[in-house]
Amino acid sequence: EAHYKANQEAFRVDDKVALEYLELSLDDLKKEIPVDEELLQAHYEATKDAYTSQEQRSANHILVQLKKDASAAEDAAAKAKIETLRALVEGGSSFEEVAKQNSDDVGSRAEGGDTGLFPRGVMAPEFEAAVFAMQPGELSQPVKTEFGYHLIRLREIKPGGTKPFAEVRHEVEEAYRREQ
């Protein structure tokens, strides 16, 4: 709760100091701001981005790391390894277990290659292009990025979009009153 204290008046009377303060509460002030549906709808339209979310996706991946200056033989070996791991998954092995045992991505290996939810613009472009072209449960072909070769299985799509005014009316009203 935000408080604003203003020294309204200070004066000296017989070696005694008398002070008067005005204490204002942001919550109390917000209650006094008049609102109507038209004002709130206009505020919603002007600030729609605040109620909009991007589509996000989550995947599991396996990385076979490859140096940036890798030779053609090293590149071929890394690609052959990722293709072997893909065959294991296609043959019925658990993607998560194959990732735990074989992925070079130390950040996600222990979680079975879990990337967590992410929007566009976060991952390596080639990785992102593959993930955003897939359907849940789909297994990718090997995808080469600056880090090496990836095998990706799309787990979830969380749609983006703008929440309708009726769904966020309370949030819009709070934001409008706070702004005013």
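**View 1. Strands E5 and E6 form a hairpin.** In this predicted model, strand E5 (residues 143-145) and E6 run antiparallel and are joined by three bridges. Two residues lie between the two strands of the hairpin. To find your way around, look for lysine 144, whose bridge partner in E6 is tyrosine 149.

**View 2. Strand E4 pairs with strand E6.** Here we move on to another partner of E6. Strand E4 (residues 56-65) and strand E6 (residues 148-158) run antiparallel, with 10 bridges joining them. A handy landmark is isoleucine 62, which has leucine 151 as its bridge partner in E6. As a reminder for viewing strands, side chains alternate between the two faces of the sheet in a regular strand.

**View 3. Aspartate 36 caps the N-terminal end of helix H2.** Zoom in on the start of the helix, which spans residues 37-46. A side-chain oxygen of aspartate 36 lies 3.0 Å from the backbone nitrogen of glutamate 38.

**View 4. Helix H2 has a buried side and a face turned away from it.** Leu40, His43 and Tyr44 are buried in H2. Seen down the helix axis, these buried residues fall within an arc of 100°, so they line one face of H2. An α-helix has 3.6 residues a turn, so residues three or four places apart point the same way. On the face turned away from the buried side, you will find the exposed residues Glu38 and Ala46.

**View 5. The buried residues of H2 pack against a strand and a helix.** Their packing partners are strand E7 (161-162) and helix H6 (165-179).

Methods:
Residues numbered from 1 in each chain as written. Predicted model: local features only at pLDDT ≥ 70, side-chain atom pairs only at ≥ 80, totals over all residues. Heavy atoms only, no water. Buried < 20%, exposed > 50% of the residue type's maximum accessible area, 1.4 Å probe, protein only. Helix = DSSP H or I, 4+ residues; strand = E, 2+ residues; numbered from the N terminus. Arc of directions from axis to C-beta. Contact = heavy atoms within 4.5 Å. Polar contact = N/O pair within 3.5 Å; in protein donor to acceptor, adjacent residues only side chain to side chain. Pairing = 2+ DSSP bridges.
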